[in-house]
Amino acid sequence: MEFLDLEEGTGETGEIQNLCIVGKVISNKACHVSAVSNVCNVAWKTRAPFSVVPWNNNIFLFRFEDAEDKEHILTEGPWSISNSLLVLQPLANGGTVFDVEFSHCPFWIQIHGLPVEKMTRANAELIGKHFGNLLTVETSHDGFLLGRSFLRVRAAVKLSDPLPKGFWLRRKSGYGDDIWISYKFEKLSDFCYACGRIGHENKGCRFVSREDGLNSGYGPELRTGRVCQSAIPIEEIRQQVDEAEIRVDNLLRSRPMFQTRAKATRENDGIVTRMVSPKRMQQAITSTGTRQPRSADPVVTLEGAGVTPTMDSGNTSHTTPGIIPFSCLNSSLDPLVDPTPMDGPDPLASTSL
């Protein structure tokens, strides 16, 4: 086996990759690049030109010249080519076209038939999570979504499964029969009315028999157009830990490393460090008038620090052997840090959260 190290793309090459989208037409029929290009030029109405490059298996690479055009196409989807769904995915840095998966497609989904008291932001999120990956919900300042006659969420729908039609809402005793809550998918392309899957027609369905397909309950009522623009705010669902939380966590993990490096630097420079025994260290801490902790006090462990700080509900600090109060962690008298001054600025002083 032979391995080659290739040059990394810089400048213009990186910009080209960041402005690319990979798309796949979900259809049993082959799509010609000219047909895809003509339909997209009419539907997208981009400010700058874009190019379409055919790959294989109805996969196409779309290269844009304007970053806003690219983001607009991704957020305003889904799109259709000759009534067949076009699934679009951004091309990740360092990835190839063959790495892109087309198993899910984002849809705006309308939820019809809910009682007024059930039309809340919490219920919109609860229903949206049943689709798998909830992306966005329409919301309001008071939590009640009464700007429309239905709730509206955006979720990534798994294409290999039948489209959900709705659910039964169980009502309390004395309030009447259960209510059928129906879904409508905005800009939904053709799908099989027999099995409810996207990508083939009824006559080519291999998932259900002809008799079962006639009683499937699927039909054109599952499809609807995009709603008109409104002043209703849209909230994106956070899919990962906030960046500030990541920075704080990295800072806490890196503090012992800074201390170790500082000590190693001083030792290499020939500076004699003062060793403090655990007994003397404990005497220095307890001499400030601290008390023993209660057994019910919560304990927080800092990873990699080798210490276990404790907190209680009162304002009085306390410590036990092997336990360092939080007040000492940021103090210049921290027994874990050698008091010998360091050359240069403190590594933690320039770190911003």
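**Exercise 1.** Determine which residue of β11 is the bridge partner of glutamate 186, and describe how β10 pairs with its neighbouring strands.

*Solution.* The bridge partner of glutamate 186 in β11 is threonine 224, and β10 pairs with strand β11 (residues 223-224) in the parallel sense over 2 bridges. Strands here are DSSP runs of E with at least two residues, numbered from the N terminus, and two strands pair if DSSP finds at least two bridges between them. The model is predicted, with local features needing pLDDT of at least 70 and side-chain atom pairs counting only at pLDDT 80 or more, while totals for chains, interfaces and linings use all residues. Residues are numbered from 1 along each chain as its sequence is written, and side-chain values use heavy atoms, leaving out hydrogens and water.

Next, strand β6 (residues 104-112) pairs with β10 (residues 179-186) in the antiparallel sense over 4 bridges, and isoleucine 109 has phenylalanine 185 of β10 as its bridge partner. Finally, strand β9 (residues 166-169) also pairs with β10 in the antiparallel sense over 4 bridges, where leucine 169 is matched with isoleucine 179 as bridge partner.

**Exercise 2.** Establish whether histidine 112 is buried or exposed, and characterise its surroundings.

*Solution.* Histidine 112 lies in strand β6. Because its relative accessibility is 18%, histidine 112 counts as buried, a class that means under 20% relative accessible area, with exposed over 50% and partly exposed in between (1.4 Å probe, protein chains only). Beyond residues up to four places away in sequence, histidine 112 touches Phe150, Trp180, Ile181, Ser182 and Lys184, contact meaning heavy atoms within 4.5 Å.
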